[in-house]
Amino acid sequence: MANVLYINSSVRSSGSLSRQLSAEFIAKWQASHPHDTIVERDLAASPVPHLTEEMLGAFFTPPEARNAEQAFTVKLSDKLVDEVLAADVIVIGAPMYNFSVPSGLKAYIDHIARAGRTFKYTETGPVGLAGGKKVYVFTASGGVYSEGPAAGYDFLATYLRAVLGFLGITDITFIQAEGVALGEQALAATLAKSRQSIDALAA
């Protein structure tokens with residue numbers, strides 16, 4: 001039995017392909033893994049606040065030294081970190097917005113990238129503390145960025161690989177619905193390809 005953390009970051013509650021495809025994956029996963037626990041976090045319905053100076057101060061204050069206000073400030077971040085550390089599998093719906101991740105997902109990552117909890121600094125450099133997890137990332141983009149002339153504009157997959165790797169999470173699979181704005185034929189083709197991947201990965 002595994003713990004699955006399911007994160008959606010699209011600001012669209014309907015018409016979102018990253019939501020649609022990740023939901024299809026979760027449904028198939030539940031069917032083939034009926035005893036797994038699914039924890040859902042919707043970053044559009046329940047946004048995570050962007051970092052403030054007060055938050056950063058609280059993060060870097062040792063728990064035993066925090067005052068009541070600082071303890072309250074880190075409460076949500078601690079919960080988000082606990083969810084990540086408890087997860088065996090993480091599923092992320094991440095549409096491409098302006099070549100990168102939605103700002104809500106960036107804010108979320110700022111809360112889970114915590115020194116002493118999900119990574120630590122050592123004499124030989126930083127070490128991730130959140131490894132041993134499998135991550136599936138469902139992306140959607142109007143153009144094609146995995147290859148070709150626009151590949152240099154893909155700061156979504158490169159960023160997520162880098163930041164998750166920094167936390168020690170390196171087993172990452174991307175299911176990319178690309179070229180969805182390039183006509184009905186292109187949309188149908190990329191959806192079919194994504195669903196073939198879902199059938200194989202969720203089995």
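Let me start with Lys-133, which, setting aside its neighbours within four places in sequence, is in contact with Val-84, Leu-85, Ala-86, Ala-87, Asp-88, Ile-90, Ile-169 and Asp-171. I should say at once that this is a predicted model, and that what I describe is computed from it. Lys-133 sits in the loop between strand S5, residues 125-128, and strand S6, residues 134-140. Is this lysine buried or exposed? With a relative accessibility of 8%, Lys-133 counts as buried, because the cut-off for that class is under 20%. There is also a long-range relation to point out here, since the C-alpha atoms of Lys-133 and Val-4 are separated by 9.8 Å, although the two residues lie 129 apart along the chain.

From there I would turn to a second charged residue, Glu-83, whose place is in helix H4, residues 75-86. Glu-83 has a relative accessible area of 16% and is therefore buried as well. Not counting residues up to four places away in sequence, Glu-83 touches Leu-5, Val-39 and Arg-41.

Next, a pair of helices. Helix H5, residues 103-112, and helix H6, residues 155-166, pack with their axes 12 Å apart and at an angle of about 10°, and the two are therefore roughly parallel to each other. Which residues make this contact? On the H5 side they are Leu-105, Lys-106 and Ile-109, and these meet Tyr-159, Leu-160 and Val-163 in H6. Sorted by character, the residues of this contact comprise five nonpolar, no polar and one charged.

Now to the protein as a whole. Its secondary structure comes to seven helices and seven strands, and, when read along the sequence, these follow the pattern β-α-β-α-α-α-β-α-β-β-β-α-β-α. Of the contacts with a separation of 6 or more, 76% are accounted for by residues 24 or more positions apart.

As for overall dimensions, the C-alpha trace spans about 60 × 40 × 35 Å along its principal axes. How does the radius of gyration stand against what a compact globule would have? For 203 residues such a globule would have a value near 17 Å, and the protein has 18 Å, so the two agree.

Finally, the surface: the protein exposes about 10400 Å², of which carbon and sulfur atoms supply 55%, while buried residues make up 42% of the 203 residues. Lys-133 and Glu-83, with which I began, both belong to that buried class.

Conventions: Residues numbered from 1 in each chain as written. Predicted model: local features only at pLDDT ≥ 70, side-chain atom pairs only at ≥ 80, totals over all residues. Heavy atoms only, no water. Axes fitted to C-alpha atoms, helices over the stretch in contact; angles between N-to-C directions. Helix = DSSP H or I, 4+ residues; strand = E, 2+ residues; numbered from the N terminus. Parallel < 35°, antiparallel > 145°, perpendicular 65-115°, else oblique. Contact = heavy atoms within 4.5 Å. Rg over C-alpha atoms; globule rule 2.2 N^0.38 Å. Buried < 20%, exposed > 50% of the residue type's maximum accessible area, 1.4 Å probe, protein only. Areas by Shrake-Rupley, 256 points an atom, 1.4 Å probe, with all protein chains shown as cover.
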